[in-house]
Amino acid sequence: MRDSYSRPLKDLRISVTDRCNFRCTYCMPYDEYVWIDKHEILTFEEIARLASLFVGLGADKIRLTGGEPLLRRGLDKLITRLARLEGLKDLCLTTNGALLAEHASALAAAGLKRINVSLDTLDPEKFKRIRQRGDLARVLEGIFAARAEGIHPIKLNAVVERGVNDEDILDLVEFARKHEFSMRFIEYMDVGNSNNWISEKMVSKKEIIEKIISRYPLREVGRDGSHAPSVDYEFVDGKGEIGVIASVTEPFCSSCTRARLTADGKLVTCLFAESGFDLKALVRSGASDDEIRAQVATIWSARTDRYSDLRWDSVRSGRYQARDHKKIEMITLGG
Ligand SMILES: C[S@@+](CC[C@H](N)C(=O)[O-])C[C@H]1O[C@@H](n2cnc3c(N)ncnc32)[C@H](O)[C@@H]1O
Ligand code: SF4
């Protein structure tokens, strides 16, 4: 199954909730967001069914996200079901880490092998300014608890915003090297409609790499497989690796194989989409597996999304205005 630019559907990102216990400034509106009604949230039964249909259509990787996925009660039960899906090669979770210490053991027992934890700074005060809730110490505790449970690899994700945490890059690298975690830096993106993104706040991959190389020489490894969003580098001294997700300055639309399922069952074919297709309505209308698969195939075949490619052309020519583009909020969509 290929879209109109010949891209297969390989990855499914499932948002299990739009609720979050943090309020990260780069991600979500502080108080203007209308939460999805709980009756509209897909049940685990519905998620597991849809996930198995997507795997049948070629997806071999599933990432659970949110909102904060660990706020969804009994998430380990969903993981147990997904981990058994035949044909699924990779199951991952992206979390802010706040509840990881208490859930790490159940997640590992359910079959979760690897995890991504957001960690933008190691400075507790700055952490509070960026994330507006929660506590850095608790997140760090969660990361080490996950490691103690054998979850591997643990990737730490930092969104880099100029004037906010660009001075923290080397500290984060040092922390990751010291404790043998894998650090991923993410260019600040204009997700949603309310983070007041302007290109000046974005720190480019080039700048991030230059800063790291000034202390730790790197060798480029490239993307893991042809579809991964991160460009990876290894330290020349052999002490681990880092990656940068440069969705703004090095858009990877041409190799984007990701479909997204929102917590209320909308199928969305691009992180910057304005709307999605209501798969939940189809599921709840009693549609058969064949009907659902056919609908997904029709949507995917017609897919023409290449938002980041177009944005970069527009940013470079100085014409890009994030607020002119209405998008689904990141907290609804999952990252
Ligand atoms: C929406 S969060 C959901 C999962 C979980 N709550 C967390 O924070 O990891 C998923 C990912 O999106 C990233 N993200 C959110 N807003 C972003 C932005 N404006 N630019 C780049 N990445 C962003 C977060 O850093 C996180 O790695
Ligand atoms: S990045 Fe994650 S933790 Fe932060 S507000 Fe968004 S969903 Fe919540």
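Select Phe272 in this predicted model. Leaving aside neighbours within four places in sequence, Phe272 is in contact with Met189, Asp190, Val191, Ser247, Tyr307, Ser308, Arg311 and Lys327. Show those side chains too. Phe272 sits in the loop between strand E11 (266-268) and strand E12 (277-278). Is Phe272 buried or exposed? Its relative accessible area is 6%, and buried means under 20%, so Phe272 counts as buried. Now add His325. Along the chain, Phe272 and His325 are 53 residues apart. Their C-alpha atoms are separated by 8.7 Å.

**Next stop: ligand 1**

Keep Met189 on screen. Met189 is a contact of Phe272, and Met189 is also among the closest residues to ligand 1. The others named as closest are Tyr26, Gly67, Ser118 and Val159. In total, 21 residues surround ligand 1. By class, this shell has eight nonpolar, 10 polar and three charged residues.

Colour three strands: E3 (90-95), E5 (154-160) and E6 (182-187). Each supplies at least two residues of the shell around ligand 1.

Which atoms of Gly67, Glu68 and Thr95 should you pick out? For Gly67, choose the backbone: an N or O atom there lies 2.9 Å from a nitrogen atom of ligand 1. For Glu68, choose the side chain: a polar atom there lies 3.2 Å from a nitrogen atom of the ligand. For Thr95, go back to the backbone: an N or O atom lies 3.2 Å from an oxygen atom of ligand 1. Now switch on a surface for the ligand. Taken alone, ligand 1 exposes 550 Å², and the protein buries 95% of that.

**Then: ligand 2**

Stay with Tyr26 and Gly67. Both belong to the surroundings of ligand 2. The rest of that shell is Cys20, Phe22, Cys24, Cys27, Met28, Asn96, Arg131 and Ile331. How many residues of each class does the shell hold? Seven are nonpolar, two are polar and one is charged.

**Last stop: the nonpolar core**

Select Ile62, Leu64, Phe185 and Ile212. The largest nonpolar core has 112 residues, and these four touch the most other members. Add helix H1 (residues 44-56), which gives the most to this core, with seven residues.

Finish on Leu64. What does Leu64 touch, not counting residues up to four places away in sequence? Ile14 and Val16 are on the list. So are Pro69, Leu75, Leu78, Ile79 and Leu82. Cys92, Leu93 and Thr94 complete the set.

Key
Residues are numbered from 1 along each chain as its sequence is written. Chains are lettered from A and ligands numbered from 1 in the order in which they are written. This is a predicted model: local features need pLDDT of at least 70, side-chain atom pairs count only at pLDDT 80 or more; totals for chains, interfaces and linings use all residues. Side-chain values use heavy atoms; hydrogens and water are left out. A residue is near a molecule or strand if one of its heavy atoms lies within 4 Å of it. A polar contact is a pair of N or O atoms within 3.5 Å; within protein, one must be able to donate a hydrogen and the other to accept it, and residues adjacent in sequence count only if both atoms are side-chain atoms. Accessible areas come from the Shrake-Rupley method with a 1.4 Å probe; for residues, only the protein chains shown count as cover. Helices (H or I, at least four residues) and strands (E, at least two) are DSSP runs, numbered from the N terminus. Ala, Val, Leu, Ile, Met, Phe, Trp, Tyr, Cys and Pro count as nonpolar, Asp, Glu, Lys and Arg as charged, and the others, Gly among them, as polar. A nonpolar core is a set of buried Ala, Val, Leu, Ile, Met, Phe, Trp, Tyr and Cys residues joined through side-chain atoms within 4.5 Å. Buried means under 20% relative accessible area, exposed over 50%, partly exposed in between (1.4 Å probe, protein chains only). Contact means heavy atoms within 4.5 Å.
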